[in-house]
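Open the model in your viewer and keep the selection panel at hand. The tour begins at the ligand and then moves outward to the helices.

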Amino acid sequence: MKTDAATTDVVIIGASAAGLMCAIEAGKRGRRVLVLDSANKAGKKILMSGGGRCNFTNYSIEAENYISENPHFCKSALSRFNQWGFLALVEQYKIPFHERDHGQLFCNDSAKDILHMLLAECEKVQVTIQLNCKIQHIVKNSEHQFRLHTQQYKIQCQSLVIATGGLSIPKMGASAFGYQLAEQFYINIIPTSAGLVPFTLQTGDKEKYAPLSGIAVPCTVSNSRQGFKENVLFTHRGLSGPAILQISSYWRPGEAINVDFLPDFDVANMLNTKRANKVMLQVKNVLVERLPKRLIDALIIQKLLVLSLQDISNKQIDEIAQIIHHWKIKPNGTEGYRTAEVTLGGVDCSAISSKTMQCNSVSGLYFIGEVLDITGWLGGYNFQWAWSSGWCAGQYV
Ligand SMILES: Cc1cc2nc3c(=O)[nH]c(=O)nc-3n(C[C@H](O)[C@H](O)[C@H](O)COP(=O)(O)OP(=O)(O)OC[C@H]3O[C@@H](n4cnc5c(N)ncnc54)[C@H](O)[C@@H]3O)c2cc1C
């Protein structure tokens, strides 16, 4: 069949974590692979991740660390190419790394090390990467080939892989391309929203807590679905820090969250004991031993804080303990995709094979990485999903 378009085996749209991993694996199998990206650089999110040090995986990866309408979907890929598989590659390239809290693995030097490693692997197996490429439209022709029209040229391929990520950080080139393409092929999309994102506060609360900007406190933050023990950071816009980012992925508009400012500690017991021991201090001077003064002033009314321990009632002690261990705050919303690390929702996994990442109803069409309705916790889980799903698709495209 004569055609005016060049032909290749595999086209991958998205030259970042998932797309590059898929390209490497397909290239190893001798497939001719072309990776297209609209950005002027590959792997921009890898470069900005983990504060520039890329939290590339985690020592402990479980399906429970992911959010999806199909909670079992991620299991197969995560077990076939797991954290140890990726770590072996990192070690092969002698990239120095270290472990932080909760098994999180970061580069010692720079996220560039991870991107360079992926690009070097792509080069080894002759993957072609085309940047600044605007894709205008895609059709599947009668020969079961995908035909891509870009601003520059037309190209045909047998296997088309969508690795265009989610909507977070539009400044970095995030687009709804993957979702639109899925819809073109009648694939369902689970509604999307910003995840791993700071909360904004209602006007009154914002004014009240803005003076706390910069204070970070180790807390337990929870709602009826999940709880995380990490730092909460007060900002001039609202609440951030790892505990808040984590719970934001489980939060629904209109809900309050619960914050325990002194987890594993019993404030009521401390106040009771000191009162019994005839300690003469004011309540605030006892609490500052445990929490920042500015925080105490904002949380608890002055009338209680200035009381002497010898004058405080049981009821008042309970009132203070309630505020410190069960502070309830109703966020106004989130900062949205502008600052979110991930996108919740996406291409419905029930339309995709969990083994191959191929779409059940459109042969040759694959979805990998964040564009799918799989969202990891903070801590290297999102990259591991990109590596695992990209690796799996790479075995079949
Ligand atoms: C600030 C920040 C820090 C993060 N830190 C971490 C971390 O330390 N650890 C961790 O696990 N996760 C982290 N994440 C999340 C992680 O970056 C993503 O989950 C991961 O990059 C998803 O990989 P992906 O390949 O699916 O998509 P992406 O990395 O988003 O890549 C998608 C690619 O598709 C391209 N693209 C988009 N639209 C089009 C189009 N229309 N045409 C052509 N190309 C297109 C983009 O240019 C991009 O190159 C962080 C995210 C952010 C925003």
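Select the ligand and the residues around it (those with a heavy atom within 4 Å of it): there are 29, and Ser16, Asp37, Ser175, Glu370 and Phe383 come nearest. This is a predicted model, in which local features need pLDDT of at least 70 and side-chain atom pairs pLDDT 80 or more, while totals for chains, interfaces and linings use all residues. Residues are numbered from 1 along each chain as its sequence is written, and side-chain values use heavy atoms, without hydrogens and water.

Colour the shell by residue kind: 12 are nonpolar, 13 polar and 4 charged. Here Ala, Val, Leu, Ile, Met, Phe, Trp, Tyr, Cys and Pro count as nonpolar, Asp, Glu, Lys and Arg as charged, and the others, Gly among them, as polar.

Next, show Phe383, where a polar backbone atom is 2.8 Å from an oxygen atom of the ligand. The protein buries 92% of the 990 Å² that the ligand exposes when taken alone (Shrake-Rupley method, 1.4 Å probe).

Now select helix 14 (381-394), which gives the most to the shell, 4 residues. Helices are DSSP runs of H or I, at least four residues, numbered from the N terminus.

Add helix 1 (17-28). The axes of helix 1 and helix 14, lines fitted to C-alpha atoms over the stretch in contact, come within 7 Å and cross at roughly 30 degrees. Helix 1 and helix 14 are therefore roughly parallel (angles under 35 degrees).

Conventions
Polar contact = N/O pair within 3.5 Å; in protein donor to acceptor, adjacent residues only side chain to side chain. Helix = DSSP H or I, 4+ residues; strand = E, 2+ residues; numbered from the N terminus. Axes fitted to C-alpha atoms, helices over the stretch in contact; angles between N-to-C directions. Parallel < 35°, antiparallel > 145°, perpendicular 65-115°, else oblique.
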